[in-house]
Amino acid sequence: QTDGYLSEHSAKLYDIQVEILFNGTADSMRRRVIAPLKKGIENNFNKIANNEICVLDVATGTGRTLQQIRSALPHIELFGIDLSGSYLKQASRYFNKSKGEIIQLVKGNAEDMTFKSNSMHGITCVYLLHELPRQARQNVINECFRVLEPGGIFVLADSIQISDSPKFISIMENFHKVFHEPYYHDYINDDIKSRLLEAGFKEINGQSHFMTRVWTATKPKLEAH
């Protein structure tokens, strides 16, 4: 965006631009986080009432992922955090037009979130890490680990990388040049699984879906004494 990614103008254009960029597949790729999120919650928190389950979407932007989560899990408590007040305003406009429980939106930095430790049962993060330098990526993952309750599920979706999709190497190598993505080239060579392990996550799995890579990871449960 010529005026940055925090402006009102950017927020109004973002959704349509991303759909054009991914040839109409952006929403379908985002939906890949729904199944592992739902499975993780059902497996680890089946004794908790739905309206007591809390899920956070990190870097929620215009709230597209939150809308999809609300459709799949309509009775849980949903939260979104983003650095841009303009994007959160756009998300609020979408949510106000649709039916469902109130979604709580917070303006803040994902590297230092105001949410309490062990307060969320699930966290999603879609298309954020490639926008960040390496240390910031680790900081965000560390914060997600802190905020998750033991047994909680973390579902991370972002661009494919060199190691898992070699057939798309030429596209990935040129993407940061054409679209002015300063940290993308570093991201596609980064080891996200190692970053998740460093934060403390276990049961880490990754799958590629077209141009998107989805990782799932679990915060270990506390051992009984």
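1. Serine 159 has threonine 212 in strand 7 as its bridge partner. Strand 5 (residues 148–159) and strand 7 (residues 212–218) run antiparallel and are joined by seven bridges. Strands here are DSSP runs of E with at least two residues, helices are runs of H or I with at least four residues, and both are numbered from the N terminus. Two strands count as paired if DSSP finds at least two bridges between them.

2. This is a predicted model, in which local features need pLDDT of at least 70 and side-chain atom pairs count only at pLDDT 80 or more, while totals for chains, interfaces and linings use all residues. Residues are numbered from 1 along each chain as its sequence is written, and side-chain values use heavy atoms, without hydrogens and water.

3. The protein chain has nine helices and seven strands. An open sheet of seven strands follows the order 3-2-1-4-5-7-6, and its pairing is mixed. Strand 3 (103–107) and strand 6 (202–209) each have a single partner strand, so one side of each lacks a neighbour in the sheet.

4. Helix 3 (residues 34–44) packs on the sheet and touches strand 1 (54–58), strand 4 (120–126), strand 5 and strand 7. Its direction makes about 170° with that of strand 5. Such angles run from 0 to 180 degrees between N-to-C directions, with axes fitted to C-alpha atoms, for helices over the stretch in contact. Helix 9 (residues 192–199) lies across strand 5, strand 6 and strand 7, at about 20° to strand 7.

5. Of the 225 residues in the protein chain, 49% are buried (under 20% relative accessible area, with a 1.4 Å probe and protein chains only).

Notes:
Buried < 20%, exposed > 50% of the residue type's maximum accessible area, 1.4 Å probe, protein only. Contact = heavy atoms within 4.5 Å.
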